[in-house]
Amino acid sequence: MQFKDDIYFYPGQNGMNFSGEINCNTVLIKGSKHLLIDPGIARRYEELLAAIRSDNIDPSDIGLVLLTHGHPDHAEASIRFKADFGIKAAMSNVERQFLGGVGRTFYRKDFYKNTKAGSKYRISEYILPDKSMFIPVFSGPFLFENRQYRLYDTPGHSPGGLCFHWPESGLLVIGDNYFPGTIGAYDLPGGNFRTLAKSLTMLSGLLDVEMVMCGHGEAIVGREQVRQNYAALFDEIKIKENTVDVNEESESF
Ligand SMILES: [Fe+2]
C-alpha cells in the first residue's frame with residue numbers, strides 16, 4: 001500500500017508477534033526502477049507480488065532488493081526475485097561474510113528446536129541463499145536511480161546490520177534494530193547488547209527522520225513520536241545494563 005508519495009509499505013503478516021511464522025515488513029521506493037527493501041520469507045513471496053501489483057507496480061521493474069540484514073524472515077524471498085526476474089540483491093559486506101558462516105544457523109531447523117535463542121520462534125526450515133548472490137554494499141552515500149540515499153552500519157542485532165536513510169523524505173528503514181517501544185533482539189548468534197546500544201545511539205542522532213519503518217510492527221510517524229520512542233528505548237537500555245541479562249546474550253555456536 002502507498003504510505004506516502006513514492007514510499008510503499010507492505011506489513012509482515014503477524015506484526016510484533018514473534019511466536020508464529022515470522023515475516024518482516026517490506027518497503028518499496030518507487031522510481032524509474034524501484035528499490036525493494038527486505039522482501040521477507042519465500043512462503044509469502046506470491047502474496048507480496050500480488051500486493052505490489054495491486055498498487056499498479058510491476059515487480060519486474062524493481063531494480064534492486066536491498067537487505068537490512070541476512071535473517072531469513074527478511075532475506076529469504078530475495079532468492080525468488082533473483083530466480084523469477086533476475087533482480088539483484090545487496091547487503092552489507094560484513095553480513096554477506098556472516099551469511100557464509102555462523103549466519104547460516106538461522107536457516108537451519110535445529111536452531112529453532114535446540115537452542116534457547118531459537119526456541120522462542122516456531123519456524124520451519126528455510127532455503128539458504130548462497131552468499132555469492134548478494135552484492136556487497138557499504139556504509140555511506142548510496143546513489144540509486146539518481147536519488148541520493150545513505151546507508152549506515154548498525155551492528156548489534158546482526159553483525160552486518162544496515163539501515164537505510166532517505167534524508168529528503170525523512171524516511172529511515174531500520175530492520176530489527178528496534179521497534180515501537182522496544183529494542184531489537186541481541187541474544188541471537190552474532191548479536192551483542194552493547195554493540196546494539198551504540199548503534200541505537202548513532203541512529204538517534206540522525207537528523208531528517210520523520211518516519212521510521214521497523215522490520216516488524218507499525219511504522220513510527222512524526223518527529224515527536226520518533227523522539228519519544230528513542231527515549232523509551234534508552235530507558236530500556238539503562239535497565240538492561242543493570243541486569244545480568246546482557247551478560248548471557250549469545251550462546252556459543
Ligand atoms: Fe532479524
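Start with the open sheet of six strands, ordered β8-β9-β10-β11-β14-β15. Its pairing is mixed. Keep in mind that this is a predicted model.

Now select the edges: residues 140–144 for β8 and 220–221 for β15. Each has a single partner strand, so one side of each is left without a neighbour in the sheet.

Stay with β15 and add β14, residues 211–214. The two strands pair in the antiparallel sense over two bridges. Pick V212 and look across: I220 in β15 stands opposite.

Next, go to residues 2–4, strand β1, and residues 7–10, strand β2. These two form a hairpin, with two residues between them. Click D5 in the turn: its phi is positive, about 50°. β1 and β2 run antiparallel and are joined by two bridges. Q2 is opposite Y8 in β2.

Show the side chains of β2. Which ones are buried? Y8 and Y10, which point to one face. I7 and F9 point to the other face and are not buried.

Add residues 26–29, strand β3. β2 pairs with β3 too, in the antiparallel sense, over four bridges. Here I7 stands opposite I29.

Last stop: G103. Find this residue in the loop between α4 (93–99) and α5 (109–114). Is G103 buried or exposed? Count the C-beta atoms within 10 Å: there are 25 others, and 20 or more make a residue buried, so G103 is buried. Leaving out residues up to four places away in sequence, G103 touches G70, F98 and G190. Finally, select L188, which is 85 residues from G103 along the chain. Their C-alpha atoms are separated by 9.9 Å.

Definitions and conventions: Residues numbered from 1 in each chain as written. Predicted model: local features only at pLDDT ≥ 70, side-chain atom pairs only at ≥ 80, totals over all residues. Buried ≥ 20, exposed ≤ 12 C-beta atoms within 10 Å, placed from the backbone. Contact = placed C-beta atoms within 7 Å. Pairing = 2+ DSSP bridges.
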